[in-house]
There are 2 protein chains.
Amino acid sequence: MHSCKEHVEKEEKIIQNIPDDDNILSLSELFKIFGDPTRIRIIYCIYKKKMCVCEIAESINMSHSSVSHQLKTLKQARLVKSQKEGKEVYYSLNDEHVEKIFSLGLEHIKEM
Amino acid sequence: MHSCKEHVEKEEKIIQNIPDDDNILSLSELFKIFGDPTRIRIIYCIYKKKMCVCEIAESINMSHSSVSHQLKTLKQARLVKSQKEGKEVYYSLNDEHVEKIFSLGLEHIKEM
DNA sequence: TTCATATATGAATATGTATTCATATATTCA
DNA sequence: TGAATATATGAATACATATTCATATATGAA
């Protein structure tokens, strides 16, 4: 056969198929957001209807502070949006892809 | 209106829509795997054809050791499979969902 | 067998991050 | 105005993890 080094030279075009650094980083950042159980739970909470921080915290049994921090993360990633109503701030999903990405993920783990 | 506490009592059914802990954890573990740029690059490498550790390392310009560690992670998550050929070990994708999850992710970041 | 190459892996290090704690701001109500 | 409630946030802590380094194993070639 041939050595590994020869392989790499012959297959250099593969490198061109890899998205550029910006896309790689954006993509991994996006998935990193979904890679935390608390954030998954929060997203499920507001999946069907908007909820305020207090409701979310009670529902998933986490501290208000922790939920607030994670909501900030989710908002910076533009996956949720917020809407102030009096004392309360209501959060809801901001992206139609979230549902699809979730269902694919669930499909995957159910087949494993 | 009504207080936040009243809200939570009225909406208790929302909790039932949240998948159980096992599924939440499996889902976040799955996305966590995709949440690292090195692993994303590796997956792109072996997206179309199997590659050995050495080829992957050269392609993404990472140390063999680092790539090997990450391949172990990917294999434990059952996203890649390996196949020994002589001195070399070839890795390839092990899941038809990966492609779909990636395309959705790319769709998302391109619209942001 | 000896050497070179390919891969794997435990340990150490460095970095990132989730949660908690204390505190600040804002709103509503008495 | 003062008290209670809802949310936000900086700092500290605790924990997870990506990479490196050193080393081990395995295969093939000389």
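In this predicted model, a polar side-chain atom of His69(B) sits 3.1 Å from a base oxygen of DNA strand D. Ser65(B) also points a polar side-chain atom at a base, this time at 2.7 Å from a base nitrogen of DNA strand D. Over on chain A, the partner is the backbone of the DNA: an N or O atom in the side chain of Tyr91(A) lies 2.7 Å from a phosphate oxygen of DNA strand D.

Now for the wider surroundings. DNA strand D has 26 residues around it, and the closest include Ser65(B) and Tyr91(A), along with Cys54(A), Ser65(A) and Thr38(B). Sorted by class, this surface is made of 11 polar, 8 charged and 7 nonpolar residues. Seen from the DNA side, 69% of the strand D atoms within 4 Å of the protein are part of sugar or phosphate, and bases make up the rest.

Which elements supply at least two residues each of the surface near DNA strand D? From chain A come helix 5 (53–60), helix 6 (64–76) and strand 3 (88–93), while chain B brings in helix 4 (37–45) and helix 6 (64–76). Helix 6 of chain A gives the largest share, with 5 residues.

As for how the two protein chains relate, chain B lands on chain A after a rotation of 180° with 0.0 Å of shift along the axis, at an RMSD of 0.0 Å. The two copies are therefore related as by a two-fold rotation axis. The chains also meet through the same surface, because 100% of the interface residues of chain B are interface residues in chain A too.

Conventions
Residues are numbered from 1 along each chain as its sequence is written. Chains are lettered from A and ligands numbered from 1 in the order in which they are written. This is a predicted model: local features need pLDDT of at least 70, side-chain atom pairs count only at pLDDT 80 or more; totals for chains, interfaces and linings use all residues. Side-chain values use heavy atoms; hydrogens and water are left out. A residue is near a molecule or strand if one of its heavy atoms lies within 4 Å of it. A polar contact is a pair of N or O atoms within 3.5 Å; within protein, one must be able to donate a hydrogen and the other to accept it, and residues adjacent in sequence count only if both atoms are side-chain atoms. Helices (H or I, at least four residues) and strands (E, at least two) are DSSP runs, numbered from the N terminus. Ala, Val, Leu, Ile, Met, Phe, Trp, Tyr, Cys and Pro count as nonpolar, Asp, Glu, Lys and Arg as charged, and the others, Gly among them, as polar. Copies are superposed by least squares on the C-alpha atoms of residues with pLDDT of at least 70 in both. Contact means heavy atoms within 4.5 Å.
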